[in-house]
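Trainee: I would like to go through the labels given to this model and see what each one rests on. Where should we begin?

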Amino acid sequence: MIAWLDGAFLPLAEARVSVLDRGFLFGDGVYEIVPVYSRRAFRLDEHLRRLQHSLDGIRLANPMAPGDWRGLISDLVARQDFDDQSLYIQITRGVPAEGQPLRDHAFPAAARPTVFVYAQPLRTAAPEQKAAGVCAVTATDPRWQHCDIKAISLLANVLMRQQAVDAGCAETVMLRDGFLTEGAASNIFVVAGGLLLAPPPSPHMLTGITYDVVLELAAAHAIPHAVRPVSEAELRAADEIWMTSSTREIMAVVRLDGETVGAGVPGPVARRMDACYQQFKRDVMRA
Ligand code: PDD
């Protein structure tokens, strides 16, 4: 696996950053994960736009122009010896320049951002897991008010995901003030009475690139859908629940807090959307 760190390509195992990096000390940075199919980055412009939104959210200047990002990414993708990749991009506020305090919460007067990009083989869900679906638990969303920033400070998400794993499940579905926000590392959709429901983008969730594709496909294929707040009662009574992300794609949740969701298997709308999604990926890759 070949990585890019601060201007140079190198084997991932050799990449090193300073312990004074603000990413390490404060979690002061942002990231993106871009799926790459057959060496083509999926929805790269959208990922780069979301990266810019995250950088704006933490008041960090983008160290590269969009064209330079595209060039770097295509170079990095070409250097790997596997075709389907999960590309990770991280930018932190870097190491304070000499003479600056080593550790101060406020931004250093001068620091060069640390830019780190690497690719690993993409591991999507096994067909058997997709066919069976997964279980999830719920929890009160413990996070801050800027979940639309894809920040590397992920402690709340880490604890939420571990809570699911401790319960033998795949995801924790979070609720804030009685309404669905998202999963620890995914967006959540529900189907109720044939209607696909998605919580509206807000500072309480990260608007997934997959989330956007799902809604575009729902519109394109005339799947009835609405973007509006989803209550806890609607979540618990749903016929179908899905988690979506770049790496999990569309994954049906078939048990929630130990209760069976719908028929206890991935529902018809999930299966239809997954077929649309796989076809869409193939079309995009051919274009
Ligand atoms: N996470 N919400 C959160 C909190 C996420 O971490 C993610 C993805 C999503 C879905 O976004 P997208 O469809 O763009 O992948 C929603 C990635 C996969 C991760 O951190 O591993």
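Mentor: With pairing: two strands count as paired if DSSP finds at least two bridges between them. Keep in mind that this is a predicted model.

Trainee: What makes β1 and β2 a pair?

Mentor: They are joined by 4 bridges; the rule asks for at least two, so the label holds. The two strands run antiparallel. One bridge sets alanine 3 opposite leucine 10 in β2. The two strands form a hairpin with 2 residues between them, and aspartate 6 in that turn has a positive phi of about 45°.

Trainee: Which residue of β6 is the bridge partner of alanine 3?

Mentor: Tyrosine 118 is that partner in β6. β1 and β6 share 3 bridges in the antiparallel sense, and the rule of at least two is therefore met here as well.

Trainee: How do you know that β3 and β4 are paired, when β4 covers residues 40-41?

Mentor: DSSP gives 2 bridges between them. The rule asks for at least two, so the pair qualifies. Their sense is antiparallel, with tyrosine 37 opposite arginine 40 of β4. β3 and β4 also form a hairpin with 2 residues between them, where serine 38 has a positive phi of about 45°. With β5 (residues 85-96), β3 pairs in the antiparallel sense over 8 bridges; valine 36 stands opposite glutamine 85 there.

Trainee: Why are β2 and β4 called edge strands?

Mentor: The sheet is open and has 6 strands in the order β2-β1-β6-β5-β3-β4, with antiparallel pairing. β2 and β4 each have a single partner strand, so one side of each has no neighbour in the sheet. Helix α3 (residues 66-79) packs on this sheet and touches β1, β2, β3, β5 and β6. The direction of α3 makes about 125° with that of β5.

Trainee: What makes β3 mostly covered?

Mentor: In β3 (residues 29-37), 8 of the 9 residues are buried. Buried stands for a relative accessible area under 20%.

Trainee: Why is arginine 50 called buried?

Mentor: Its relative accessibility is 11%. The cut-off is under 20%, so arginine 50 counts as buried. Arginine 50 lies in helix α2 (residues 44-57). Beyond residues up to four places away in sequence, arginine 50 touches Glu32, Lys150, Leu206, Thr207, Gly208 and Ile209.

Trainee: What makes the approach of arginine 50 to threonine 207 a polar contact?

Mentor: The side chain of arginine 50 reaches the backbone oxygen of threonine 207 at 3.1 Å. The limit is within 3.5 Å, so the distance passes.

Trainee: Which polar contacts reach the ligand, and how do you know that they qualify?

Mentor: A polar side-chain atom of lysine 150 lies 3.3 Å from a ligand nitrogen. A backbone N or O atom of isoleucine 209 is 2.9 Å from a ligand oxygen, and a polar side-chain atom of threonine 210 is 2.6 Å from an oxygen of the ligand. Each value is within 3.5 Å, so each is a polar contact. There are 19 residues around the ligand, and Tyr31, Glu182, Ile209, Thr210 and Ser246 come nearest.

Trainee: How far is phenylalanine 280 from lysine 150?

Mentor: They are 25 Å apart in space, C-alpha to C-alpha, and 130 residues apart in sequence. Phenylalanine 280 is in helix α8 (residues 268-286). Leaving aside neighbours within four places in sequence, its contacts are Phe42, Arg43, Val213 and Leu217.

Trainee: Why are cysteine 135 and cysteine 169 called a disulfide?

Mentor: Their S to S distance is 2.3 Å. The rule is within 2.5 Å, so the pair counts as a disulfide. The count for the model comes to 1. With -110° about the S-S bond, the link is left-handed.

Trainee: What does that disulfide tie together?

Mentor: Cysteine 135 lies in strand β7 and cysteine 169 in the loop between α5 and β8, so the link ties parts that are 34 residues apart in sequence.

Trainee: Are cysteine 169, cysteine 147 and cysteine 276 buried or exposed?

Mentor: Cysteine 169 has a relative accessible area of 13%, cysteine 147 has 6% and cysteine 276 has 9%. Each value is under 20%, so each of these cysteines is buried.

Terms used: Residues numbered from 1 in each chain as written. Predicted model: local features only at pLDDT ≥ 70, side-chain atom pairs only at ≥ 80, totals over all residues. Heavy atoms only, no water. Buried < 20%, exposed > 50% of the residue type's maximum accessible area, 1.4 Å probe, protein only. Contact = heavy atoms within 4.5 Å. Axes fitted to C-alpha atoms, helices over the stretch in contact; angles between N-to-C directions. Near = heavy atom within 4 Å. Polar contact = N/O pair within 3.5 Å; in protein donor to acceptor, adjacent residues only side chain to side chain.
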